Amino acid sequence: NVDTTKNYIIGDSQTPLLDKNSTKARKIGDEGNESNLWKGGKGLSWLKDAVDKYPIESDVNSIIINIGTNGGFNSKEDVSGLVNSIKQKFPNAKLFAVKGSWGWGGNKDVTESKVNAYYDKFKSEGVEIIEPAIGSTENPHSNLPIYATIGAEIDRRLS
C-alpha cells in the first residue's frame, strides 16, 4: 500500500471524489471544514482564508488544488494569493490543479474557454494543470467515470 499521507487534495465538494479515485493523494480529513482545507459549496477566497490559518507542513510532497467551480471560474479571483498562501504553508510541495465542473447550477452557461482561462492563471503561478477537466456534467457529485481518469492521472503525476 502506497503511503499517501503527504499528497493532499484541497478545495470544494469534488474533493472526496478525487480522493476516492486516487491511490496516492487524499483529503486531509473526512469532514469538509476549514481545518481540512475542503468544503462543499466553497470558492477560492474561502480556501485561501483556510490555508492562511493552516500550520506550516514542510514534509508535504504535493497539493492538488480543486477549486473554481463554486466561484464560476471568475478570473478576478485572487489566484496568485491562494497559490502564494499554499507555497508558504507547504514550502516543499509540488502544486497541481484539477479543472472543475460546469454545465450545471450557476455554471450552466460556462464555456470551456472560460474554464481554461481561469486555470491558465494557476499555470502562470507555476501550478501544473491536471487534464482532463471534470468537465461539463449535470451532476458532479456522483462518482462519474471522469473521476477515475483524473485519479489515474494524479497518480501518474505523483509517481
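Lys53 and Glu34 form a salt bridge in which the closest N and O atoms are 3.0 Å apart, the term meaning a side-chain nitrogen of Lys or Arg within 4 Å of a carboxyl oxygen of Asp or Glu. Because Lys53 lies in helix α2 (residues 44-53) and Glu34 in the loop between β2 (26-27) and α2, the pair ties together parts that are 19 residues apart in sequence; helices (H or I, at least four residues) and strands (E, at least two) are DSSP runs, numbered from the N terminus. This is a predicted model, in which local features need pLDDT of at least 70 and side-chain atom pairs count only at pLDDT 80 or more, while totals for chains, interfaces and linings use all residues. Residues are numbered from 1 along each chain as its sequence is written, and side-chain values use heavy atoms, with hydrogens and water left out.

With a relative accessible area of 58%, Lys53 counts as exposed, whereas Glu34, at 33%, is partly exposed; here buried means under 20% relative accessible area, exposed over 50%, and partly exposed in between (1.4 Å probe, protein chains only).

Turning to Lys27, one finds a residue that is buried at 13% relative accessible area and that forms a salt bridge with Asp19, at 3.5 Å from N to O. Asp19 also counts as buried, its relative accessibility being 17%. Lys27 forms a salt bridge with Asp30 as well, where the closest N and O atoms are 3.2 Å apart, although Asp30 counts as exposed at 68% relative accessibility.

Elsewhere in the sequence, a network of salt bridges links Lys94, Glu128, Glu153, Arg156 and Arg157. By the distance rule given above, the count comes to twelve salt bridges.
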